[in-house]
Amino acid sequence: MLNAVEITNLTVKYPDVKALDDVSFVVKEGDFLGIIGPNGAGKSTLFDSMLGLNTKYDGTIKFFEEDIKKSKKYHKEIGYVPQKPVFEKNFPATVSDVVRMGLRNESDENKIDEILQQLWIHELRKRRIGELSGGQLQRVFIAKALVNNPKILILDEPVTGIDQQSIELFYSILRELNSKQKITIIWSSHDLDAVNQLANHVACLNRTLFFHGESEKFFSDDDLVKQYSEASMQEHMHHH
Amino acid sequence: MSFEILTYSFMHRALISGIAIAILCSIVGLFLVLRRYSLFGDAIAHSSFGGIALGLLAGVYPLWTAYGVSIISALIITKIKDRYNISGDASIAVLLSSGIAAGLVIISFSGGFTIDIFSFLFGSILLVSVDDTILILALTGAILIVILLLYRQILYSTFNEEQAKVSGIPVEKINYLIIFMAGITVVTSIQLVGVLLISALFVIPNVTAIMYGRGFKQTAIISMSFSVFSVVVGILISYIFDITPAGTIVLLSIGLLGITMGIKSAGLLSKN
């Protein structure tokens, strides 16, 4: 199996704090990695660096063996679903328009219908994007991320505004993408149970990487889970 | 009302130039409005006033100096805004006032206001020459081609810069391209509505079209149609009743906006 992602000694310094400190891990092609960690653990910084939005880091990030600072080819291998899609509420774009924005090869129009059907949002294709619910929006952004057949899907899980039914559907979509279409998934989540059910690998991040390995190993180690939950809980209390 | 006016060649030139400018302003304006840059057209127009004054003083065709000054100052202000983290509305205010201030100082050097200045402030579409018409058509064609070629990149970076960057679109270059095209569009449109009313052509048809709740292409087509309607009807009415074309065109487009708001309040704009 190829290394889909290879992160080596990744350090990101902000003026008063290290957001990430010497983080290294490898994601094999076909893996489903769940990244967990309390708020402020550096998950967003990690994603920003992987996506090319933050270039001020030490260390290296490689997609399919190529350093992202040296080759821009990686953009077309990645589909990205943001935590909170930001856009002008009145933006005159339909669901199809938004998915089409992601489409590199404009002759692949059929691909748009195909992906909308796969994600159960084909009947919404002519609706304005600002009229959708949180769960529907999330699926539209997954569709936009998938329309170029990326090899890696990176998702920042939304934490609010999504109903339980949509969350279940979202999880089943992820499972299918990984198991049937063999897409490598990197997914940041707050939901430990869901990570346990879906991901085959887990990375626990709190500025440094304090665990990375098979999810069975993580979830069968009560100490690790307890340690994570406590750190997370402390952060949670701290934030409220 | 007679159709005789449609046989005058100055009227042909006015209508052809007017339609081209209407289409151009509405599509470039749509991207500016969606980027919350509605007043940017206004700011470029005001900075072009400095350019026009410079041209009149130097004895150069004022629109050429206006193109130069507007585009350069728009690019500089964008750079300053990014570098010093000045908000969009404040940077527009800086650009707007510096153009007028420079213009006023240059004009007082050259001995005060003349009739030429007024035609640039309020437009003079019935006076466009054959050369002007050709230039307007050429620039409109060139900008429309650029927009068609880079349609996805421009739309995506207008929708969400961050995601556009992730998918490999050179967002900063696209932003400068839009500013550059806005500069050309504004100066080209000065002959139709003048410096003071340009932002109306950029903003009003688009705000109206967005209310119809359609997708991007349909919204752009609705906006262009409203814009062309206001310009054509505005030019004809202003000639027949001997009133200013610029004011008439802008009032007509405000009328369309008012009607649209009425239709919307009455609940007649159904969602799909």
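Start by selecting β4 and β5 of chain A in this predicted model: the two strands run antiparallel and are joined by 2 bridges. Click on Phe63(A) and look across; the residue standing opposite in β5(A) is Glu66(A). Now pick the turn of this hairpin, where 2 residues sit between the strands. One to check on your Ramachandran plot is Phe64(A), with a positive phi near 45 degrees.

Next, keep β4(A) and add β1(A). These two are also antiparallel, with 5 bridges between them. For a landmark, show Thr8(A) and Thr60(A), the latter in β4(A): they stand opposite each other.

Go one strand further. β1(A), residues 3–14, pairs with β2(A) through 8 bridges, again in the antiparallel sense. Label Val12(A) here, and its bridge partner in β2(A) turns out to be Leu20(A).

Then bring in helix α1(A), residues 43–50, which packs on the sheet. What does the helix touch? Its contacts are with β1, β2 and β4 (58–63) of chain A. Draw the axes if you like: the direction of α1(A) makes about 120 degrees with that of β1(A).

Now zoom out and colour by strand. In which order do the 4 strands lie? Reading across, you get β2-β1-β4-β5 in chain A, an open sheet with antiparallel pairing. Finish at the edges, which are β2 (17–28) and β5 (66–67) of chain A. Why is one side of each without a neighbour in the sheet? Each of these strands has a single partner strand, so the other side is left unpaired within the sheet.

Technical notes:
Residues are numbered from 1 along each chain as its sequence is written. Chains are lettered from A and ligands numbered from 1 in the order in which they are written. This is a predicted model: local features need pLDDT of at least 70, side-chain atom pairs count only at pLDDT 80 or more; totals for chains, interfaces and linings use all residues. Side-chain values use heavy atoms; hydrogens and water are left out. Two strands pair if DSSP finds at least two bridges between them. Contact means heavy atoms within 4.5 Å. Axes are lines fitted to C-alpha atoms, for helices over the stretch in contact, and angles run from 0 to 180 degrees between N-to-C directions.
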